[in-house]
Amino acid sequence: MNAIEVEGLCRTYGTGRQPVTALDQVDLTVPEGQIIGLLGANGAGKTTLIKILSTLLLPTGGRARVAGHDVVGRARQVRREVSVVYGGDRGFYGRLTGRQNLRFFGMLQGLSRGRLAERTEAVLAEVGLLAAADQRVETYSRGMRQRLHIAVGLVASPRVLLLDEPSIGLDPVEAHRLRDAIGAMRGSGVTVLITTHQLLDIESLADRVVMLHQGRIIHDLSLEEFRKRSGYTATVRVTGRGEPPEQDGQDTGGPVVTGVTLREGLWTADVRIPAWSPSTFQWLGERLSPDSVVDLEVQALRLEDVYRQLAGELS
Ligand SMILES: Nc1ncnc2c1ncn2[C@@H]1O[C@H](COP(=O)(O)OP(=O)(O)OP(=O)(O)O)[C@@H](O)[C@H]1O
């Protein structure tokens, strides 16, 4: 069964002279167990989609189903199947321990005493908080609180977990731990939809990338396809003396010289490599005179570059 099915979904805010269309005919099908990265600039409609899927907001057109239940007609059933976690570190009782908070919020979700005890320990382990479970939440770091939010989201075993900017405001170490906690869900059958501006979240977690722009889905690709959209796999940054290489005007299918700059008697050029092959090295040897090159650095493609490139095509 599909975890999420969205057809022609629309949401308009306001009815006056200037209504805002936040979602415009969105179609999306997500099979169970997939981890989807939902990307888009500020105002693209990501939060609106999350709110509709979690029944916090009604659509103004189209349909959406979660675990087979319609978000409008069977909202109560949907709420049993879906959990939503927002970025940020508030919403806990600071004087209670992590375990006590989790049990409290689990109880509110209607779990029986036995099931609650079992699930509490399981999810604390899943998010890496077992060792800190008996510490007061007021002593928790931001990242630990965020992982506790995810534990609350998981305690009632939802089929679908919606994460809105989960790593916002976290330092790199905490963000890495959080990603580990989310990654641990892979294979458990939980379907995860993550909205994020952190491309590293997508790179390390997502099976599929959906990109929204002005309320419409403009890309819906596997992570691999998304990566390939850039048209290159690496950039070689070359620094040299003397005559700089000529910048290539258009894509020739082979390596492309871009971004030639001059500074303090040295030039720097970025050579985009579509794919590594013997002819790539031959090309590099012919275009870049070994006498003039003083430094060479190979940079693997970053998802952020792809995103910037795709977003740039829109402006
Ligand atoms: N309650 C509201 N009333 C009026 N307009 C709204 C409301 N909520 C959102 N919007 C508008 O709807 C559009 C989509 O907003 P939404 O919050 O869904 O985008 P987003 O992709 O989540 O953005 P961000 O990355 O900034 O969170 C934006 O133009 C926004 O200004």
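What follows is an exchange about a ligand shell and three packed helices in a predicted model.

Residues are numbered from 1 along each chain as its sequence is written. Because the model is predicted, local features need pLDDT of at least 70 and side-chain atom pairs count only at pLDDT 80 or more, while totals for chains, interfaces and linings use all residues.

Trainee: Which residues does the UniProt annotation "domain: ABC transporter" cover?
Mentor: The annotation comes from an unreviewed entry, and UniProt annotations, given here in the numbering used for the model with feature names shortened, may be inferred rather than shown by experiment. The span is 33% helix and 29% strand, with its end C-alpha atoms 49 Å apart, where helices (H or I, at least four residues) and strands (E, at least two) are DSSP runs numbered from the N terminus. According to the record, the domain covers residues 4-239.

Trainee: Which element gives the most to the shell around the ligand?
Mentor: A residue belongs near the ligand if its C-beta atom, placed from the backbone, lies within 6 Å of it, and among those around the ligand are Tyr-13, Asn-42, Lys-46, Thr-47 and Thr-48. Strand S2 (20-31) and helix H1 (46-53) each supply at least two residues of this shell. The element that gives the most, with three residues, is H1.

Trainee: How do the residues of that shell divide by class?
Mentor: Ala, Val, Leu, Ile, Met, Phe, Trp, Tyr, Cys and Pro count as nonpolar, Asp, Glu, Lys and Arg as charged, and the others, Gly among them, as polar. On that scheme, the shell around the ligand has four nonpolar, seven polar and one charged.

Trainee: Why is H3 called oblique to H4?
Mentor: Axes are lines fitted to C-alpha atoms, for helices over the stretch in contact, and angles run from 0 to 180 degrees between N-to-C directions. Angles under 35 degrees count as roughly parallel, over 145 as roughly antiparallel, 65 to 115 as roughly perpendicular and the rest as oblique. Helix H3 (residues 98-108) and helix H4 (residues 113-126) have axes 10 Å apart, at an angle of about 130°. That makes H3 to H4 oblique.

Trainee: Which residues of H5 make the contact with H3?
Mentor: H3 and helix H5 (residues 142-155) pack at about 35°, with their axes 9 Å apart. Residues are in contact if their C-beta atoms, placed from the backbone, lie within 7 Å. Gly-98, Asn-101, Leu-102, Phe-105 and Gly-106 of H3 meet, in H5, Leu-148, Ala-151, Val-152 and Val-155.

Trainee: How many charged residues are in the contact of H4 with H5?
Mentor: The axes of H4 and H5 lie 9 Å apart at an angle of about 140°, and the two helices are therefore oblique to each other. Arg-119, Thr-120, Val-123, Leu-124 and Glu-126 of H4 make the contact with Ala-151, Leu-154 and Val-155 of H5. Besides five nonpolar residues and one polar, the number of charged residues is two.

Note on methods:
Contact = placed C-beta atoms within 7 Å.
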